[in-house]
Amino acid sequence: MAILTVLHTNDIHGEFDQMTRLASLIARERASAAREGRAVLLLDAGDSSDISAWESRVTKGRANFAMLEAMGYDAVAIGNGDMQWDRDALAKLVGSVHFPALAANLLALDSDQPPAPGLRSHALFNFGELKVAVIGVTVDEPGLYDDWGYRIESVETTARGLVSRLRADGAQVVIVLSHEGVEADQQLAAAVMGIDAAIGGHSHTALLKPIRIGGTVIAQAGALGKYLGRIDLTIEDGKKITAASRLIPCDETVPPDPTLSGVLELVRFEADVVRRKASGSQVVG
């Protein structure tokens with residue numbers, strides 16, 4: 001028997017100070033898992049960026065991804081808010097981090113290729129003999145993506161093909177990291193067999209109790225970093241999977257993580273340098 005704990009966030013939308021509190025919760029959960037012998041994956045379902053946050057705006061999302069990298073995320077789905085600048089900005093965003101950025105159904109407007117080098121459809125993780133696949137999908141925004149240079153393929157068609165292939169390749173756990181909204185996640189779970197968990201974003205839904213569609217558990221952690229989601233997947237005999245899901249409040253009782261607070265100072269300093277250069281102001285170093 002193996003237990004995989006999946007910690008998840010979504011739609012942080014440029015709440016940088018809240019990320020320092022989330023980091024404290026994540027560290028606490030990781031320490032607990034280490035003591036109990038559980039494997040851990042840390043995932044974000046998109047829209048850590050927000051154009052209304054100056055740090056996001058001037059860096060075109062790179063400030064947010066720098067924070068996610070420092071927090072130790074294993075994979076991140078690309079949300080509509082993370083790609084609202086242009087394809088060049090998305091390429092720089094994806095290339096700025098070591099974790100895989102995922103959007104299986106996002107393609108370039110002028111080809112059948114991903115719109116940014118390094119953007120991936122899925123990621124694979126091995127925990128001893130346990131093989132875990134994470135597929136990323138993102139929402140369609142009719143009328144917007146043409147201007148940004150993107151197009152969206154059918155989530156159901158994309159996911160069905162990938163789930164089938166990854167299962168055939170030996171994945172014992174398949175997770176869809178979805179920036180589509182909770183209603184779309186339910187439709188996906190009903191339409192595509194073989195998804196163990198759909199971890200969502202976009203609709204800002206705080207699922208205090210998970211939704212179960214067939215063999216799929218659907219979870220979403222609200223928005224703005226107010227919760228850290230946790231799913232415990234118990235795998236027996238490499239096949240049978242049971243799931244327990246809950247949300248952990250991240251409020252003022254959670255102290256900011258001192259290390260990430262220091263990282264945030266540096267991120268804001270660098271973002272301010274970018275802002276000053278863009279405005280033509282003198283940068284004093």
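Which residue in β9 is the bridge partner of Thr 138? In this predicted model, the partner is His 179. That bridge belongs to the pairing of β7 with strand β9, which spans residues 173-179. Seven bridges join the two strands, and they run parallel.

Strand β7 covers residues 130-138. Eight of its nine residues are buried, leaving the strand mostly covered. Besides β9, β7 also pairs with strand β6, residues 122-127. Here the strands run antiparallel, and six bridges join them. Within this pairing, Asn 126 of β6 stands opposite Lys 131 in β7. The connection between β6 and β7 is a hairpin with two residues between the strands. Gly 128 lies in the turn and has a positive phi of about 65°.

The next topic is the aromatic rings. The model contains one aromatic pair by the centre-distance rule of 6.5 Å. The partners are Phe 65 and Phe 99, with ring centres 5.5 Å apart. Their planes meet at 50°, so the pair counts as tilted, since stacked needs planes under 30 degrees apart and edge-to-face needs over 60. The pair links distant parts of the chain, as the two residues are 34 residues apart. Phe 65 belongs to helix α3 (residues 62-71), while Phe 99 sits in the loop between α4 (87-95) and β4 (101-102). Both Phe 65 and Phe 99 are buried.

A further ring contact involves a charged side chain. Arg 275 lies over the face of Trp 54, at 4.0 Å from the ring centre.

Technical notes. Residues are numbered from 1 along each chain as its sequence is written. This is a predicted model: local features need pLDDT of at least 70, side-chain atom pairs count only at pLDDT 80 or more; totals for chains, interfaces and linings use all residues. Side-chain values use heavy atoms; hydrogens and water are left out. Buried means under 20% relative accessible area, exposed over 50%, partly exposed in between (1.4 Å probe, protein chains only). Helices (H or I, at least four residues) and strands (E, at least two) are DSSP runs, numbered from the N terminus. Two strands pair if DSSP finds at least two bridges between them. Rings of Phe, Tyr and Trp (its six-membered ring) pair if their centres lie within 6.5 Å; planes under 30 degrees apart count as stacked, over 60 as edge-to-face and the rest as tilted. A charge sits over a ring if NZ of Lys or CZ of Arg is within 6 Å of the ring centre and within 35 degrees of the ring normal.
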